[in-house]
Amino acid sequence: MATIVCILALLAACGSAQGQTRNKTNLIVTTILHEPFLQQGENEKFEGFIVDLLDRVVEKIGCTYTLKLVKDGKYGSPSPDGKTWSGMIGEIKRGEADLAAAALTMTSLRRAHIDYSFPFLANSLSVLMRRKDIFGTATEAMFGLNYFLTPFSAGVWMLIIVSFLTVSLGFILLNLFNPYEWRQRIQRGEIKDSEETNDQFGVKESLWFSYSMLVLQGYSKRPLSIAGRVLAVFWMFFIILTLGSYIALMVRNPNLVLNTQSGADMTVKGLYSFYNTDKPPIITLRGGSTYAYIKNTRSAFYTRIYQKMVKNGFANSTKQGIERVKSEGVAFLMETTMANYVVYRDCELTQLGEEFARRHYAFAMKKNDELRHEIDQAILELSEDGAIERMRWIWWRVKSPARCRATRIKAGSHSGNTLQADRFTKTSGLALQAFGGPLVFLLIGLIITALVCVGEILVFKHYDKSPGVPFTGCDENERA
């Protein structure tokens with residue numbers, strides 16, 4: 001009988017322990033300062049995305065909470081022997097807090113020791129770098145030899161040169177064969193040719209006339225024939241379309257002019273590039289989920305990246321990592337959610353490449369905590385009615401407005417944990433395929449010019465062979 005009584009007493013004690021958290025009216029919540037998730041506002045009062053989310057969650061489950069900062073300022077990682085945990089995970093395991101609420105990433109290692117709530121935000125990883133390390137500084141770009149060439153690709157520039165030479169050749173041929181042009185009229189004596197007046201329109205004059213139109217300048221002479229003037233009109237329209245495209249690209253994307261660095265190799269790859277080079281050095285946050293991901297992923301690629309991080313030294317906080325990016329020029333592997341927040345507010349920084357290693361943020365609590373189901377239900381409801389997204393918008397955009405345009409150097413997609421060797425190169429400018437409009441317009445002009453020239457030759461021959469019909473040319477002193 002005594003044995004039965006003891007067993008019943010033990011079961012009652014276990015049941016009481018399991019229901020202890022659920023019966024609490026005030027939850028002790030451990031957290032960490034991490035703007036915009038949690039920060040201290042006026043009178044050192046806590047505010048941020050996590051505070052707003054907790055307010056809505058406890059309102060739905062019917063209790064209150066007290067926030068406290070984690071003692072060691074860490075998210076949570078196991079000791080080398082695996083017996084103890086640091087950070088918020090350690091405080092949950094030791095019973096010093098009922099709930100961990102922060103940008104806490106869900107991992108299988110942590111999941112073996114604590115329970116997670118339903119995730120409230122999706123996240124991934126990306127690389128944070130200084131903008132000038134990718135694009136070059138404005139001074140470097142301005143004095144770079146290819147500064148003014150950047151808006152157009154090499155193919156487009158070659159096309160412009162070929163077009164210039166083709167049009168100049170067209171003026172030369174017109175001058176040789178069109179009876180209404182300078183050379184033919186000089187031979188017939190209709191126009192005087194002297195060194196003083198330089199009355200001719202040869203190779204030099206044709207090149208200078210085409211070039212003067214290209215740079216929107218005038219020239220002393222112009223074609224006399226209708227065909228020459230038609231060609232000049234189409235050449236001018238080609239120049240206007242080209243110049244408009246050039247200016248539009250300069251104005252629309254000012255990064256193009258900052259996209260070159262004199263004397264430097266501007267070919268930058270994604271995370272893959274850090275496999276074969278030590279410049280720039282790459283780091284990450286010590287003891288966080290990103291650290292664990294890089295360290296524990298069974299891949300020769302990630303093993304080498306981790307070894308480089310050990311050599312370069314880890315950051316003890318996100319703030320310290322960002323400061324090292326700005327001061328030392330290192331590349332900081334961090335969570336995309338925070339990287340997005342940073343690059344919209346610090347114009348010196350930018351993100352490199354697409355995100356990878358998808359994960360989620362969630363609350364953490366003790367194993368088999370009965371409160372988890374109610375928290376899950378509350379988070380699901382807030383997610384479904386758009387409340388969480390509104391909170392995110394408020395803290396990422398409204399209460400902390402962006403001061404600059406964030407730039408991410410994009411590349412191809414990544415599949416799973418396999419990182420492709422995608423190259424992130426400087427913008428090559430307007431591609432040749434996109435320049436088809438001005439080219440087609442100029443080709444049409446050349447065809448029309450040829451037809452008009454043939455027509456002028458036929459007309460001249462008809463009048464020249466018809467008796468009694470004298471040729472009436474232009475005034476011999478006609479000038480452009």
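Contact, on this tour, means heavy atoms within 4.5 Å. Helices (H or I, at least four residues) and strands (E, at least two) are DSSP runs, numbered from the N terminus.

Before you click, some ground rules: this is a predicted model, where local features need pLDDT of at least 70 and side-chain atom pairs count only at pLDDT 80 or more, while totals for chains, interfaces and linings use all residues. Residues are numbered from 1 along each chain as its sequence is written, and side-chain values use heavy atoms, with hydrogens and water left out.

**The whole chain**

Start zoomed out. The chain has 18 helices and 14 strands. Of its 480 residues, 44% count as buried (under 20% relative accessible area; exposed is over 50% and partly exposed is in between, with a 1.4 Å probe and protein chains only). Take the contacts with a separation of 6 or more: 76% of them come from residues 24 or more positions apart.

**Select 49-61 and 387-398**

These are helices H3 and H17, which pack at an angle of about 155 degrees with their axes 9 Å apart. Axes here are lines fitted to C-alpha atoms, for helices over the stretch in contact, and angles run from 0 to 180 degrees between N-to-C directions. H3 and H17 are therefore roughly antiparallel, a label for angles over 145 degrees (under 35 is roughly parallel, 65 to 115 roughly perpendicular, the rest oblique). Now show side chains: Phe 49, Asp 52, Leu 53 and Arg 56 of H3 meet Ala 387, Ile 388, Met 391, Arg 392, Trp 395 and Trp 396 of H17. That contact divides into 7 nonpolar residues, no polar ones and 3 charged (nonpolar: Ala, Val, Leu, Ile, Met, Phe, Trp, Tyr, Cys and Pro; charged: Asp, Glu, Lys and Arg; polar: the others, Gly among them).

**Select Trp 235**

Next stop is helix H11 (residues 226-252), home of Trp 235. Is Trp 235 buried or exposed? Trp 235 counts as buried, because its relative accessibility is 0%. Leaving aside neighbours within four places in sequence, Trp 235 is in contact with Ser 163, Phe 164, Val 167, Ser 210, Met 213, Leu 214 and Leu 442. Draw a distance to Ser 163: the two C-alpha atoms are 8.9 Å apart, across 72 residues of chain. Then look at Ser 210, whose backbone oxygen lies 3.1 Å from a polar atom of the Trp 235 side chain.

**Select Gln 351, then H15**

Gln 351 sits in strand E11 (residues 349-361) and is buried at 2% relative accessibility. Which side chains does Gln 351 join through polar contacts? One is Ser 126, at 3.2 Å, and another is Asn 340, at 3.3 Å. A polar contact is a pair of N or O atoms within 3.5 Å; within protein, one must be able to donate a hydrogen and the other to accept it, and residues adjacent in sequence count only if both atoms are side-chain atoms.

Follow Asn 340 into helix H15 (residues 336-343), where 8 of 8 residues are buried. Asn 340 is one of them.

**Three loop stops**

- Pro 36 is in the loop between strands E1 (26-31) and E2 (39-40); the peptide bond from Glu 35 to Pro 36 is cis, with omega near 5 degrees.
- Asn 368, between strand E12 (364-365) and helix H16 (371-384), has a positive phi of about 60 degrees although it is not a glycine. Asn 368 is exposed, at 61% relative accessible area.
- Ser 77, in the loop between strand E4 (64-69) and helix H4 (87-93), is partly exposed at 22%.
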